[in-house]
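Trainee: Could you take me through the enclosed empty space in this protein, with a close look at what surrounds it? I would like one connected account that I can follow beside the structure.

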Amino acid sequence: MLRHGGKILSDQLVKLGVRRVFSVPGESFLAALDGLYDSGIQNVVCRQEGGAAMMAEAYGKMTGQPGVCFVTRGPGATNASAGIHIAQQDSTPMVMFVGQIDNRHTDRETFQEIDYKSLFSGLAKWVAQVNDTDRLPEYIARAFRVAMSGRPGPVVLALPENMLSASADVADLRIPEMLEQSIPASAVQAIMHALGQAEKPLIVVGGPHWNAQAQADLHAFAESQQVPVALGFRRQDYMENHHASYAGDLNVGINPKLAARVRDADMLLLLGTRFGDIETQGYTLVNPADPQKTIVHVHSDADEIGRVYTPDIGITATAPAVLRALADAAPAGAWPDWTAAARSDYEDWVQPQESPGALKQEEVIRWLSDHLPDDAIITNGAGNYAAWLHRYFIYKRYGTQLAPTSGSMGYGFPAAISASVEYPDRTVVCLAGDGCFQMTCNELSTAVQHGAKPIVIVMNNGRYGTIRMHQEKTYPGRVSGTALTNPDFAALARAYGGHGEVVTRTQDFATAFARAQDAGTVAVIECQVDEEALATGATLSAVRKAALQR
């Protein structure tokens, strides 16, 4: 049966189980839009390609299946590159389709022509162009396999408009069922032997493939072994934070006592994490050239094992698969004092430290932690405001954190829209800074159009706070390029048809949040923050004074 390329594409996506795509339309892929018309696949139409790509990436994080994004050629593709970078660094499965120029006009610098392989080769796992209509199923099936295999990540497929509009008689392909191999007993024995030889072991967990069963297995393993567990950057929902073995997370603003514990540990069991520069504070906590500790590294991609740290034992497998095999393992030893000390350090760290001003971020975050449902989804982008969230919010269940390990600003709000569309009955809260939110706040229109109802809490301090902090540490008092002139965020939300209000005092936040929930639509609560509140436990004046005294 003859079908045009757009119909072949949409039929293939249906066979692959795609339920939703995110897009900004372009004339380069009109045939694909026509194919989606009666496919049953929801097309979430966004306002800028960066937002669309971030929504698709968030979908991949939530579901473990590739998030799908459609953008047009040239500027559409370059706008979307931020989302591709997030998916790559966060190990998130994603497939982005890019409308391409007529391939008969390649290399003429045709309108919006761009070399996709040069642009995305360092950002994506695979970049290709489909030049023949009858090969669409082959390329699409391969794209999904590559996005999911080994270390998951993004794939970019360019679709020339003449190829999409042409017709072909070709069958759809299916991705074969991939049966995960059981972990050999020798691997379990090697892990347990290394653990049993340690005096100060520490488990570090992160990376992709996580699920609720993996969380339960981690709980069981940590409890039976009485060993402390630290979570990778922005993977705080991988373990229930009330668990007696939970020692905190390895983030930018790390607990100094946890940093010391990583340095002092004589054995690290790395489960799924790449154990990169954030977790190691720029590779200072563990020296790649001389770790001075036993390292056991479990990762789904063999190329990641030994990329930075050469382990004593390397196991190519997903962390959840290994934990399934370890959950019932007999204790290799007992480290109750070491684990209790790690837990005590964490509990001390999450005690709120008072910040300046009438609106105190630590109290807002603690209120959210105490009052939101356990399955509420919390999203954020990048900025110093996130330090309060990472330090004071207690995650109770897997699948409740959406945040970019790549440190991308603007991510939190598109991610919250994607989460609200996927889980309309769950509470979704986006924490954003004033600078972070303005990078993607145009997606308020997308939220209203598609019925998403996240609650956005904008911490407004009138500046790019993270850069200002580094500026004060390096060039104290010389403020350059970090001040912001902001809109009335509450009025902006109302202009789009959402709910908006301003909070200036901590005691008014709870009632404002209740009104935002009752509004039943996207809502923005602007929290006006004192500019002295530079970071958790640090004021602007103190940071500047310390820098001037050096």
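Mentor: What follows is a close look at the cavities, with a short continuation to a few other places in the chain. Please keep in mind throughout that this is a predicted model.

Rolling a probe the size of a water molecule over the atoms shows where empty space is left. In this structure there are three cavities of 30 Å³ or more, and the largest of them has a volume of about 60 Å³. Its lining is made up of Ala 247, Gly 248, Asp 249, Asn 251, Gly 253, Ile 254, Asn 255, Leu 258, Tyr 346 and Trp 349. Two elements, strand E11 (246–249) and helix H12 (336–349), each supply at least two residues of that lining, and E11 gives the largest share, with three residues. Sorted by class, the lining of the largest cavity holds five nonpolar residues, four polar ones and one charged one; the charged residue is Asp 249, since Asp counts as charged.

The second largest cavity contains about 40 Å³ of space, and the residues lining it are Leu 372, Pro 373, Asp 374, Ala 376, Phe 393, Ile 394, Tyr 395, Lys 396, Arg 397 and Thr 400. Here the classes come to six nonpolar, one polar and three charged residues.

From empty space we can turn to enclosure and packing. Helix H15 (residues 412–422) is largely enclosed by the rest of the structure, because eleven of its eleven residues are buried; among them are Phe 413, Ile 417, Val 421 and Glu 422, and buried here means under 20% relative accessible area. Elsewhere, helix H13 (residues 361–371) packs with helix H20 (residues 509–519) at an angle of about 50°, their axes lying 11 Å apart. That angle makes H13 oblique to H20, and the crossing in which H13 passes H20 is right-handed.

Two loop residues complete the tour, and for them the backbone deserves attention. Most residues other than glycine have a negative phi. His 209, however, has a positive phi of about 75° although it is not a glycine; His 209 sits in the loop between strand E9 (201–205) and helix H9 (212–225), and counts as partly exposed at 31% relative accessibility. Gln 281 also has a positive phi, near 55°, and is found in the loop between strand E12 (267–271) and strand E13 (294–299), where Gln 281 is partly exposed, with a relative accessible area of 26%.

Notes:
Residues are numbered from 1 along each chain as its sequence is written. This is a predicted model: local features need pLDDT of at least 70, side-chain atom pairs count only at pLDDT 80 or more; totals for chains, interfaces and linings use all residues. Side-chain values use heavy atoms; hydrogens and water are left out. On a 1 Å grid over the protein atoms alone, a cavity is a set of points where a 1.4 Å probe fits but cannot get out, and a pocket is an open set with protein on both sides within 12 Å along at least five of seven lines; lining residues have an atom within 4 Å of a point. Grid points are joined across faces, edges and corners, and a volume is the space filled by probe spheres set on the points. Helices (H or I, at least four residues) and strands (E, at least two) are DSSP runs, numbered from the N terminus. Buried means under 20% relative accessible area, exposed over 50%, partly exposed in between (1.4 Å probe, protein chains only). Axes are lines fitted to C-alpha atoms, for helices over the stretch in contact, and angles run from 0 to 180 degrees between N-to-C directions. Angles under 35 degrees count as roughly parallel, over 145 as roughly antiparallel, 65 to 115 as roughly perpendicular and the rest as oblique. A crossing is left-handed if the near helix is turned anticlockwise from the far one by less than a right angle, and right-handed if clockwise.
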